[in-house]
Amino acid sequence: MSLVRRDTAGQLHVEEASLAEIARQFGTPCYVYSRAALTAAYDGYRAALAGRDALICYAVKANSNLAILNVFARLGAGFDIVSGGELARVIKAGGDPAKVVFSGVGKSRHEMRAALEAGILCFNVESASELETLNEIAGSLGKRAPVSLRVNPNVDPKTHPYISTGLKTAKFGIPFAEALPLYRRARELPHLAVHGIDCHIGSQLLDPAPAAEAAAKILGLVDALAAEGIALSHIDVGGGMGIRYRDEAAPAATDYLAPLLKVLTGRTERLLFEPGRSLVGNAGLLLTRVEVLKHGEEKNFAVVDAAMNDLARPALYDAWHDMVKVGAGSTANGQKRYEIVGPICESGDFLGHDRDLDLAEGDLLAILSAGAYGMAMSSNYNTRPRAAEVLVDGATAHLVRRREEVAQLFALEAVLP
Ligand SMILES: *Cc1c(COP(=O)(O)O)cnc(C)c1O
């Protein structure tokens, strides 16, 4: 399902809402999401997991807007968090703490305490040190902390090195060989309750084989633990399913999960999933306006009002995002090959290279596949207020985050007396 469609007049819409109208009402740059697309992505997982005891824990870091979390909470989702801040967001958005798993290599004592008090489902523990600290803090609160160990299966997910997490060289997880002794230790600690096992090998995975291979390795460990009397009640296979940005053969959830579920056939443990990108990535776009067209000696530049502070993925991973004009018709300029760049003082501030577009100054562009790791990774670099966010539901465009104002950006600062 494509997020955008053209009406009979050639104007681009998200659901029944006109993007030109959204730009007029809320300004640009502006992130625009679709409730129907979020729901469809979630339903894709639900259908793939029909008949299984499974919990889909949306990875909050992909897009943490309260309205998005609330859409998933209403659909019955759990949440995968990586900070105390994300826990606070989930609770504020109406999410159920009893469906929250807490991942991350560097949880602070303060965050552990908050999660224990909220009554989360499970801590995905990533080191021996974390296990000891969690036991101590749970003891001080008179509680038992539910734990999984995040095991590193040493499987190559064949993705971008910055988003590959399951290799021996990664900072994430517990080395495979150390998992068994650490589970034995966890069993001895009085304020821990061993519930499960977890792995997450990387992001934007297009080939389902590495995830199935990781699951098979994990199952070997689950059986070895059972033989020692450590029975786990859930297996968390992480997130990472890839999406189509350009021309990738991105799998449907059913196809991606099939080899994994085959490996897990007949298991009685509950299955947990932590998808982020695949639930939100293609449910959002970044709406921007062309400010200046500039013709250099070798390149044509279209300077737009969105920049790397709004969408960091091109600068960070050299990522591709498709771009389409919001309006219809051709201009006097004709089609040219453009560098689509932002106004920031960095040559790395680009949103797309070599785009063949027919543009005029003032035109609106939709930068697609921007729902995941877009707004969530945005910053105020160059003292740029962050974009507004809009969630479309049918014909209605709801403002779900106001555009920041410049005065807010330095409100916490002070000068010397
Ligand atoms: C980032 C992350 C996810 C989500 O990854 P996606 O590629 O967005 O699906 C899930 N689990 C953990 C532990 C993560 O760090």
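This passage looks at an annotated binding site and at the nonpolar cores of the structure. The model is predicted, with local features requiring pLDDT of at least 70 and side-chain atom pairs counting only at pLDDT 80 or more, while totals for chains, interfaces and linings use all residues. Residues are numbered from 1 along each chain as its sequence is written, and side-chain values use heavy atoms, with hydrogens and water left out.

An unreviewed UniProt entry annotates a "binding site" that includes Pro 275 and Arg 277; such annotations may be inferred rather than shown by experiment. Pro 275 sits in the loop between strand S13 (270-273) and helix H10 (277-280), where helices (H or I, at least four residues) and strands (E, at least two) are DSSP runs numbered from the N terminus. With a relative accessibility of 1%, Pro 275 is buried (under 20% relative accessible area, 1.4 Å probe, protein chains only). Arg 277, in helix H10, is also buried, at 4%.

Turning to the interior, the largest nonpolar core (buried Ala, Val, Leu, Ile, Met, Phe, Trp, Tyr and Cys residues joined through side-chain atoms within 4.5 Å) has 119 residues. Helix H8 (residues 209-227) supplies its largest share, eight residues. Domain 1 (4-33 + 281-409) and domain 2 (104-273) both contribute residues, so this core lies between them; the domain bounds come from an automatic or database assignment. Apart from this core lies another, of six residues, among them Leu 55 and Leu 272.

Terms used. Buried means under 20% relative accessible area, exposed over 50%, partly exposed in between (1.4 Å probe, protein chains only).
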